[in-house]
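Reader: I would like to go through this model term by term, and to hear for each label what value stands behind it.

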Amino acid sequence: MHAIRIEEHGGPEVMRWTELPDPLPGPGEALVRLGVAGVNYMDVGARAEGGPGWAAPAILGTEGMGHVAALGEGVRDLAVGDGPGRCST
């Protein structure tokens with residue numbers, strides 16, 4: 001997968017398009033393959049200053065939409081392939 005990642009806080013120059021290993025969902029988690037990702041003003045603050053939950057290194061982008069690609073153990077209310085309009089929360 002690819003992500004916008006920061007290794008330190010600062011201006012836009014600290015953002016890097018980074019290739020990372022594909023994640024695996026843990027128990028009770030769903031892996032969503034994003035079709036659309038959003039980087040919004042919250043991400044600007046996280047990049048510039050950090051804050052609770054935003055220690056560097058960090059991946060920016062707090063909004064997204066896509067389809068369920070894999071399920072972790074114990075997930076029963078979703079199915080692989082579910083996407084917008086099907087997922088409850």
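Author: What follows is a set of questions about the labels used for this chain, with the values that support them.

Reader: What kind of model is this, and how is the chain built up along the sequence?

Author: The model is a predicted one, and its chain contains one helix and five strands, which come in the order β-β-β-α-β-β when read along the sequence. The C-alpha atoms fill a box of roughly 40 × 25 × 25 Å along the principal axes, and 26% of the 89 residues count as buried. Among contacts between residues at least 6 apart in sequence, 52% join residues at least 24 apart.

Reader: Why is W54 called buried?

Author: The relative accessibility of W54 is 18%, and the word buried is used for values under 20%, so W54 at 18% counts as buried. W54 is located in the loop between α1 and β4, and, leaving aside neighbours within four places in sequence, its contacts are H9, M42, D43, A46, I59, L60 and T62. One of these, H9, is 45 residues away from W54 along the chain, with 9.6 Å between the two C-alpha atoms.

Reader: Why does L60 count as buried, and what does L60 touch?

Author: L60 has 7% relative accessibility, and since the cut-off for buried is under 20%, the label applies to L60. L60 belongs to the loop between β4 and β5, and, not counting residues up to four places away in sequence, it touches I4, I6, M15, D43, A46, R47 and W54. Another pair to consider is L60 and V14, which are 46 residues apart in sequence and 11 Å apart in space, C-alpha to C-alpha.

Reader: What makes G74 and N40 partly exposed?

Author: The term covers values between the limit for buried, under 20%, and the limit for exposed, over 50%. G74, in the segment after β5, has a relative accessible area of 46%, and N40, in the loop between β3 and α1, has one of 22%, so both G74 and N40 are partly exposed.

Reader: How do you know that N40 caps α1, and which other side chains does the side chain of N40 meet in polar contacts?

Author: A side-chain oxygen of N40 lies 2.9 Å from the backbone nitrogen of M42, at the N-terminal end of α1, and a polar contact requires N or O atoms within 3.5 Å, so the 2.9 Å distance meets that limit. The side chain of N40 also makes a polar contact of 3.4 Å with the side chain of T62 and one of 3.0 Å with the side chain of E63. The C-alpha atoms of N40 and L60, 20 residues apart in sequence, are 9.1 Å apart in space.

Reader: Why are the buried residues of α1 said to lie on the same side?

Author: In α1, residues 41-48, the buried residues are D43, A46 and R47. They cover an arc of only 100° around the axis, and therefore they sit on the same side of α1. In general, an α-helix has 3.6 residues a turn, so residues three or four places apart point the same way. The buried residues of α1 pack against β1, β2 and β3.

Reader: Which backbone features after α1 deserve a note?

Author: Just after α1, G50 takes a positive phi of about 75°. In the loop between α1 and β4, where P57 is placed, the peptide bond from A56 to P57 is called cis, with omega near 0°. For comparison, most residues other than glycine have a negative phi, and most peptide bonds are trans.

Reader: What lines the largest pocket, and how is the lining divided by class?

Author: The largest pocket holds about 490 Å³ of space. There are 18 residues in its lining, and the closest to its centre are M1, H2, A3, V32 and L34. The elements that give two or more residues to this lining are β1, β3 and β5, and β3 gives the most, with five residues. By class, the lining consists of 13 nonpolar, two polar and three charged residues.

Methods
Residues are numbered from 1 along each chain as its sequence is written. This is a predicted model: local features need pLDDT of at least 70, side-chain atom pairs count only at pLDDT 80 or more; totals for chains, interfaces and linings use all residues. Side-chain values use heavy atoms; hydrogens and water are left out. Buried means under 20% relative accessible area, exposed over 50%, partly exposed in between (1.4 Å probe, protein chains only). Helices (H or I, at least four residues) and strands (E, at least two) are DSSP runs, numbered from the N terminus. The arc is that of the directions from the helix axis to the C-beta atoms. Contact means heavy atoms within 4.5 Å. A polar contact is a pair of N or O atoms within 3.5 Å; within protein, one must be able to donate a hydrogen and the other to accept it, and residues adjacent in sequence count only if both atoms are side-chain atoms. On a 1 Å grid over the protein atoms alone, a cavity is a set of points where a 1.4 Å probe fits but cannot get out, and a pocket is an open set with protein on both sides within 12 Å along at least five of seven lines; lining residues have an atom within 4 Å of a point. Grid points are joined across faces, edges and corners, and a volume is the space filled by probe spheres set on the points. Ala, Val, Leu, Ile, Met, Phe, Trp, Tyr, Cys and Pro count as nonpolar, Asp, Glu, Lys and Arg as charged, and the others, Gly among them, as polar.
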